[in-house]
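Q: I would like to go through this model with you, one topic at a time. May I begin with the chain contacts?

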There are 4 protein chains.
Amino acid sequence: MKVIVDLCVVPLGVGVSVSQYVVACEKILKEAGLKTQLHAYGTNVEGEWDMVFAAIKKCHETVHAMGAPRISTMIKLGTRTDRDQTMDDKVQSVRTKLASA
Amino acid sequence: MKVIVDLCVVPLGVGVSVSQYVVACEKILKEAGLKTQLHAYGTNVEGEWDMVFAAIKKCHETVHAMGAPRISTMIKLGTRTDRDQTMDDKVQSVRTKLASA
Amino acid sequence: MKVIVDLCVVPLGVGVSVSQYVVACEKILKEAGLKTQLHAYGTNVEGEWDMVFAAIKKCHETVHAMGAPRISTMIKLGTRTDRDQTMDDKVQSVRTKLASA
Amino acid sequence: MKVIVDLCVVPLGVGVSVSQYVVACEKILKEAGLKTQLHAYGTNVEGEWDMVFAAIKKCHETVHAMGAPRISTMIKLGTRTDRDQTMDDKVQSVRTKLASA
């Protein structure tokens with residue numbers, strides 16, 4: 001089952017600067033061979049369910065190992081059985097309609 | 001790694017009444033032996049990471065099998081290494097402080 | 001326009017214990033006359049759109065004033081025009097179906 | 001108070017193709033003069049609190065007026081008082097650290 005995820009990992013107890021933890025998660029997602037797209041409030045991830053969630057678990061383990069005692073993560077998660085759809089498809093579908101509006 | 005999750009599964013393409021899909025997910029979570037607490041905008045779930053996410057995957061598979069061609073799920077997910085904390089602890093901590101305020 | 005909201009306010013830069021900030025937000029929501037229901041990963045809120053979002057803004061202002069330099073909040077937000085629905089309706093609809101399953 | 005928001009509006013009861021509703025929301029956000037960045041699972045929005053939430057309310061009103069009887073929206077919402085930060089700053093901070101890693 002393919003999923004498109006929006007992932008936002010928020011470490012608590014490590015102050016207000018969290019970009020180093022985001023960087024560590026980006027590396028984990030990339031090394032897992034997942035397609036990713038960083039944005040200003042999270043990262044879009046595309047891949048097979050088990051691979052995506054194995055990577056998210058590794059993000060939590062890694063961010064804890066980096067010193068964060070608590071993590072609060074938000075995930076949006078989409079699956080569909082009617083047709084294949086990539087992250088690029090989703091963005092392009094909106095952009096095309098916006099351009100012709 | 002223990003997790004406390006807030007899960008909200010939203011099936012698309014099946015009209016506006018979605019409670020039957022929520023019921024199916026509740027059963028899956030219960031049958032998985034997870035501790036759950038239903039609320040008006042989702043369900044709190046407590047358990048081991050792998051068990052919780054295996055159950056969430058089964059929710060998606062089941063809701064698709066029930067006829068929903070598309071699902072958009074929201075997950076909040078908390079882990080901590082500094083101490084054990086249950087769902088009840090979290091609610092009680094706030095209630096105690098509210099009562100003494 | 002009536003809304004049912006699930007609100008989770010996460011202060012950053014104040015350590016791992018955040019219940020005092022949750023307590024402050026609970027009080028603000030109550031004082032605004034909104035119907036609320038605390039759960040283990042947030043608070044359900046029911047009311048008129050403008051009242052609900054005025055209260056959420058006041059939560060952010062108050063949590064900053066309490067010393068949190070950064071806040072990351074998650075909101076789930078439902079509106080419907082087909083019929084009236086309360087938070088209790090939503091929970092009851094699922095519970096009734098679970099009981100008869 | 002300035003906010004950076006991640007907005008994802010999900011109309012229910014209108015089938016599985018929702019891009020026309022996303023397009024309508026994009027136009028509302030642009031016409032409100034807000035800075036936006038579309039991604040595969042929502043839109044980042046940057047602006048003053050009151051302007052941002054007035055626009056989000058208008059999105060709900062408009063999507064209902066287009067025929068959606070029910071809407072389930074997810075919002076991530078960040079404010080900070082320690083320093084100014086734009087959406088571009090957030091992405092750039094991670095990209096710079098990734099590049100030098």
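Q: How many residue pairs are in polar contact across the interface of chain D and chain B?
A: The rule finds four such pairs, both residues at pLDDT 80 or more; a polar contact is a pair of N or O atoms within 3.5 Å, one able to donate a hydrogen and the other to accept it, and residues adjacent in sequence count only if both atoms are side-chain atoms. This is a predicted model, in which local features need pLDDT of at least 70, side-chain atom pairs count only at pLDDT 80 or more, and totals for chains, interfaces and linings use all residues. Residues are numbered from 1 along each chain as written, chains are lettered from A and ligands numbered from 1 in written order, and side-chain values use heavy atoms, without hydrogens and water.

Q: And how many salt bridges are there between chain D and chain B?
A: The count there is zero, a salt bridge being a side-chain nitrogen of Lys or Arg within 4 Å of a carboxyl oxygen of Asp or Glu.

Q: How many over all chains, then?
A: The structure holds 24.

Q: Which residue does Lys76(B) pair with?
A: Lys76(B) forms a salt bridge with Asp6(C), with the closest N and O atoms 2.7 Å apart.

Q: Are those two buried or exposed?
A: Lys76(B) and Asp6(C) are both buried, that is, under 20% relative accessible area with a 1.4 Å probe, protein chains only.

Q: What does Lys57(D) meet?
A: Its side chain meets that of Asp50(C) in a salt bridge, 3.0 Å from N to O.

Definitions and conventions
Buried means under 20% relative accessible area, exposed over 50%, partly exposed in between (1.4 Å probe, protein chains only).
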